[in-house]
Amino acid sequence: MSGQGEGRSAAELADVAGELRVVVSRLLRQLRAARGEMDVTPSQAVVMSRLATDGALSVADLARAEKVRPQSMRVTLAALEERGLVVRAPHPTDHRQVLMSLSPEAEHMLKVAQGAKESWLATAISTKLSAAEQDSLIAAIPLLDRLVEP
């Protein structure tokens, strides 16, 4: 992958990084606002999204994945469980552990929220960007994805 980082000074790239951070933060705020009636805290939403993506996980696995202490994860999960948004089941091989997964209500809630976010974003793209700008945005998606690759 030769050519990465060439052509711009460190100062220019620092300015670009700052601008990109601000724009991405604003975009995330708009997406959070567009999620509608999903009345959960940001940490609860992250846990729900993780369970939707990864499936049932133990408290320890969730804590590791989200880089928080198991005690903090237990508090978040307890609040979600109290609302009926997560359910527990015995671990199939380690009977000392339980696996947490989304309830059907939570799955529906996430689907509705995701649809609202995507609808807002699609409307914003179609009404605020020209066809050429839409093409530029589409071309930038793989580049942005590479920025967050491990």
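Ser-103 counts as buried because its relative accessibility is just 4%; here buried means under 20% relative accessible area, exposed over 50%, and partly exposed in between (1.4 Å probe, protein chains only). This is a predicted model, in which local features need pLDDT of at least 70 and side-chain atom pairs count only at pLDDT 80 or more, while totals for chains, interfaces and linings use all residues. Residues are numbered from 1 along each chain as its sequence is written, and side-chain values use heavy atoms, with hydrogens and water left out.

As for its setting, Ser-103 sits in the loop between β3 (98-102) and α5 (104-128); helices (H or I, at least four residues) and strands (E, at least two) are DSSP runs, numbered from the N terminus. Once neighbours within four places in sequence are set aside, Ser-103 is in contact (heavy atoms within 4.5 Å) with Gly-84, Leu-85, Val-86 and Val-87.

Helix α1 (residues 10-34) is another story. Ala-11 lies in this helix and is exposed, since its relative accessible area is 52%. Between the C-alpha atoms of Ala-11 and Glu-149, which are 138 residues apart along the chain, the separation is 24 Å. Arg-26 is also part of helix α1, and at 52% relative accessibility it counts as exposed.

Arg-26 turns up again on the surface, where it gathers with Arg-29, Arg-32 and Lys-128 in a patch of positive charge. Patches are made of residues with over 30% relative accessible area and no salt bridge (a side-chain nitrogen of Lys or Arg within 4 Å of a carboxyl oxygen of Asp or Glu), with like charges joined within 9 Å. Helix α1 gives the most to this positive patch, with three residues.

Notes: Patch = residues over 30% accessible without salt bridge, like charges linked within 9 Å, V, L, I, M, F, W, Y side chains within 5 Å. Areas by Shrake-Rupley, 256 points an atom, 1.4 Å probe, with all protein chains shown as cover. Lys, Arg positive; Asp, Glu negative; His and termini not counted. Charge placed at Lys NZ, Arg CZ, Asp CG, Glu CD.
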